[in-house]
Amino acid sequence: MQVVWFKRDLRTHDHRALAYAAERGDVLPLYVVEPELWAGPDMSGRHWAFVAESLQELQEDCAARGQALIVRMGDMCEVLSTLRDQGMLTALWSHEETGNAWTFERDTSVGAWCRAHGVLWTEVQNHGVQRRLASRNGWAGSWDRLMAEPQVAAPDLKPLDVEPGHIPNAKDLRLSPDPCAGRQVGGRQAGLSALESFLHRRGQTYRSAMSSPVSGATACSRVSPYLAWGALSMREVAQDTWARKADVKGQKGWAGSMRSFEGRLHWHCHFMQKLEDDPRIEFENFHRAYNGVRPKEPDHLRLEAWAKGETGLPF
């Protein structure tokens, strides 16, 4: 039984971990909702709303391929222990994740659990970020080569006799109310729609309009959350962009905008690579010359200064 652990890769298309696992045995597709992760300061109710919508679509997609996504809530190692006791775990598969310190520590614990219980955990590169990178020399070229590789089709799955579980709501995770009428809807289909409308209709003025908070809301791609949670793969976005770039060669506006967007797809992985290589920057200044620059006064005094327009440097 090959357990495929979905994290920030909420899709079946071009999901190499899923495809490789399906070549080796029956697949149990798994997503674990971790309350401790969602209690962190960098998570919110609107984040979960987006993820929950993506999970709903992913669960339906997996079901259409033969086996619905299995959703569990709790500690990842405890979930794995339960599956192992039920005879539902032989090997574990996932994409590599560059998250925060919490997810790194969780992955460390999962790795220790797998070694202790004789379970092989195979992590597959998800996009352009590389683990244990000795040098950035040639990084951009390796990004291009990886993105040029063929996309992997979603495999068929064998039905399993296992309870799918339910996708919790924000209240179940004790998340504060976080309404946002204009937030983007989660799920792969919404991501594909955003990509298509950008590449063929909205993106012509991208190069000149992206820096404006007025025009950028329309002219920018709006695919960022779909890449962040993996509803779209970076490979398919890059290849669609290259194809569109070829189609609009020489066209005013379009040609420059596609070149600029292609560069920013590199940037997506470039800056994640910085965190992968130097995790301390989650908590420390990237450049140590900035240590001690920020004042130490209590939060309420900083809020008061902000309200009075006294932050920053006066002109």
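In this predicted model, glutamine 2 stands opposite alanine 91 in strand 4, and this pair offers a convenient way into the sheet to which both strands belong. Further along strand 1, valine 3 stands opposite leucine 92, which again belongs to strand 4. Strand 1 and strand 4, the latter spanning residues 91–95, run parallel and are joined by four bridges. With strand 2, residues 27–33, strand 1 also pairs in the parallel sense, here over five bridges, and one of the partnerships between these two strands sets valine 4 against proline 29. Between strand 1 and strand 2 the chain passes through helix 1, residues 16–22, in a β-α-β crossover that is right-handed.

Taken as a whole, the sheet is open and consists of five strands in the order 3-2-1-4-5, with parallel pairing. Strand 3 (70–73) and strand 5 (120–124) stand at its edges, and because each has a single partner strand, one side of each is left without a neighbour in the sheet. From one strand to the next the twist averages 30 degrees.

How is strand 1 placed with respect to the rest of the structure? Five of the five residues of strand 1, which covers residues 2–6, are buried, so the strand is largely enclosed by the rest of the structure. In a regular strand the side chains alternate between the two faces of the sheet. Here both faces of strand 1 are covered, since Gln2, Val4 and Phe6 on one side, as well as Val3 and Trp5 on the other, are all buried.

Two helices can be followed across the strands. Helix 3, which comprises residues 45–64, lies across strand 1, strand 2 and strand 3 and runs at about 165 degrees to strand 2. Helix 4, residues 76–85, lies across strand 1, strand 2, strand 3 and strand 4, and its direction makes an angle of about 150 degrees with strand 2.

The nonpolar interior may be considered next. The largest nonpolar core has 54 residues, and those with the most contacts inside it are Tyr31, Trp38 and Trp48. Helix 3 supplies the largest share of this core, namely seven residues. Apart from it lies another core, of 22 residues, which includes Val79, Leu83, Leu89 and Val119. The surroundings of tyrosine 31 can be described in detail: leaving aside its neighbours within four places in sequence, tyrosine 31 is in contact with Phe6, Lys7, Leu10, Trp48, Val51, Leu55, Leu69, Ile70, Val71 and Arg72.

Later in the chain, another pair of helices deserves attention. Two packed helices are described by the angle between their axes and the distance between the axes. For helix 7 (residues 188–200) and helix 12 (residues 254–277), the axes come within 10 Å and cross at roughly 140 degrees, and the two helices are therefore oblique to each other. Phe198, Leu199 and His200 of helix 7 make the contact with Trp254, Met258 and Phe261 of helix 12.

Part of the end of helix 7 can also be approached from cysteine 220, a residue in the loop between helix 9 (216–219) and helix 10 (224–228). Not counting residues up to four places away in sequence, cysteine 220 touches Phe198, Arg202, Tyr206 and Met210, while its C-alpha atom is separated by 9.9 Å from that of leucine 199, 21 residues apart along the chain.

Some loop positions complete the picture. Most residues other than glycine have a negative phi, and most peptide bonds are trans. Aspartate 14, although not a glycine, has a positive phi of about 50 degrees; its place is in the loop between strand 1 and helix 1, where aspartate 14 is buried, with a relative accessible area of 1%. Arginine 132 likewise is a residue other than glycine with a positive phi, near 50 degrees, but arginine 132 counts as exposed, at 73% relative accessibility, and lies in the loop between strand 5 and helix 6 (139–148).

Alanine 134 is also found in the loop between strand 5 and helix 6, and is exposed, with a relative accessible area of 84%. Its C-alpha atom and that of aspartate 277 are separated by 9.0 Å, although the two residues are 143 residues apart along the chain.

Notes. Residues are numbered from 1 along each chain as its sequence is written. This is a predicted model: local features need pLDDT of at least 70, side-chain atom pairs count only at pLDDT 80 or more; totals for chains, interfaces and linings use all residues. Side-chain values use heavy atoms; hydrogens and water are left out. A nonpolar core is a set of buried Ala, Val, Leu, Ile, Met, Phe, Trp, Tyr and Cys residues joined through side-chain atoms within 4.5 Å. Buried means under 20% relative accessible area, exposed over 50%, partly exposed in between (1.4 Å probe, protein chains only). Contact means heavy atoms within 4.5 Å. Two strands pair if DSSP finds at least two bridges between them. A crossover is right-handed if, with the strands pointing away from the viewer, the path from the first strand over the helix to the second runs clockwise. Axes are lines fitted to C-alpha atoms, for helices over the stretch in contact, and angles run from 0 to 180 degrees between N-to-C directions. Angles under 35 degrees count as roughly parallel, over 145 as roughly antiparallel, 65 to 115 as roughly perpendicular and the rest as oblique.
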